[in-house]
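Please open the structure in your viewer and keep the selection panel at hand. The tour goes from one selection to the next and says what is found at each stop.

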Amino acid sequence: MKKIILSILAAALLLSSCTIHQDNYSKRTVSVSGTGSVTVEADTATIILSVITKGKDVSETSAENANKMTAVQDAIKAKGIQKDCISTQNYSVYQESHYDNKSGKQVYDDYRVTNQIKILVKKIDMAGEIIDLALKSGANQLSSLSYGVTDTEIAKKQARSLAIAQAQESANLLAGASGAKLGKVLSISEHADYAYPRARLMKSSDLAANSDMLFEESAPTPVSGGSSTITISVDAVYQLR
């Protein structure tokens, strides 16, 4: 009777061992990555600029800032920029100060009012003209100029297809090199990166110092949108057979 029980236990252990081995074999996988990039021409420009005013009286300084910003927005609207393409990015009011070494006290200076807006230019060849017009109308800080693409869906699909094809090619190569066959895909994840070009601009301090020189010159600011790169990366896990 004992021999029979021992034989049954041994058989059970052997069967269990085979099951575990087979289960591990069925879970053999290969992890790969793929990347696809598509270049498209930029067709929009985004401009971020500010009106900055300083003064002893906070009410007068704020009013001056408001009048200048109104003039800036009226000017660019007259050039065809729609109201919904202009949005306030930041508005701040604070009093500047410095430390006086002689008295050992904090000394308060002028109030500084900053009104920053973002302008979406849908006709990219107008970007330079809009920048010049805003500066002449009262803006005195140009923070950034970047480019974008209105419709990226087709480019995304193309980049995605390239990324998946590259991942599958790598998986087939690794499976074949290891003597296995590639099975079904178990998981796949996607990561996107949109690299839009950005123009190099003057620092605000340089802009203020050279504003007279800029406005005396009749040549408009040249702007070239260039191209934008849309990159899709995928991480995939395939089953090995």
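Which residue in S7 stands opposite Ser37? Bear in mind that this is a predicted model, then select Ser37 together with Thr231, since Thr231 is the residue of S7 that Ser37 faces.

Widen the selection to strand S1 (residues 29-41) and strand S7 (residues 227-240), which are paired in the antiparallel sense over 13 bridges. Elsewhere along this pairing you can pick out Thr29, whose bridge partner in S7 is Gln239.

Now add strand S6 (residues 182-195), which runs antiparallel to S7 and is joined to S7 by 11 bridges; in this pairing, Ser187 stands opposite Val237 of S7. With these strands shown together, you have an open sheet of three strands in the order S1-S7-S6, with antiparallel pairing. S1 and S6 are its edge strands, each of them pairing on one side only, and from one strand to the next the twist averages 20 degrees.

Keep the sheet in view and select helix H4 (residues 153-177), which packs on the sheet and touches S1, S6 and S7. The direction of H4 makes about 150 degrees with that of S1.

For the last stop, turn to strand S3 (residues 86-100) and strand S4 (residues 105-121), which run antiparallel and are joined by 13 bridges. Within this pair, Asn90 of S3 is placed opposite Gln116 in S4. S3 and S4 form a hairpin with four residues between them, and in the turn you can select Gly104, which has a positive phi of about 70 degrees.

Key
Residues are numbered from 1 along each chain as its sequence is written. This is a predicted model: local features need pLDDT of at least 70, side-chain atom pairs count only at pLDDT 80 or more; totals for chains, interfaces and linings use all residues. Side-chain values use heavy atoms; hydrogens and water are left out. Two strands pair if DSSP finds at least two bridges between them. Helices (H or I, at least four residues) and strands (E, at least two) are DSSP runs, numbered from the N terminus. Axes are lines fitted to C-alpha atoms, for helices over the stretch in contact, and angles run from 0 to 180 degrees between N-to-C directions. Contact means heavy atoms within 4.5 Å.
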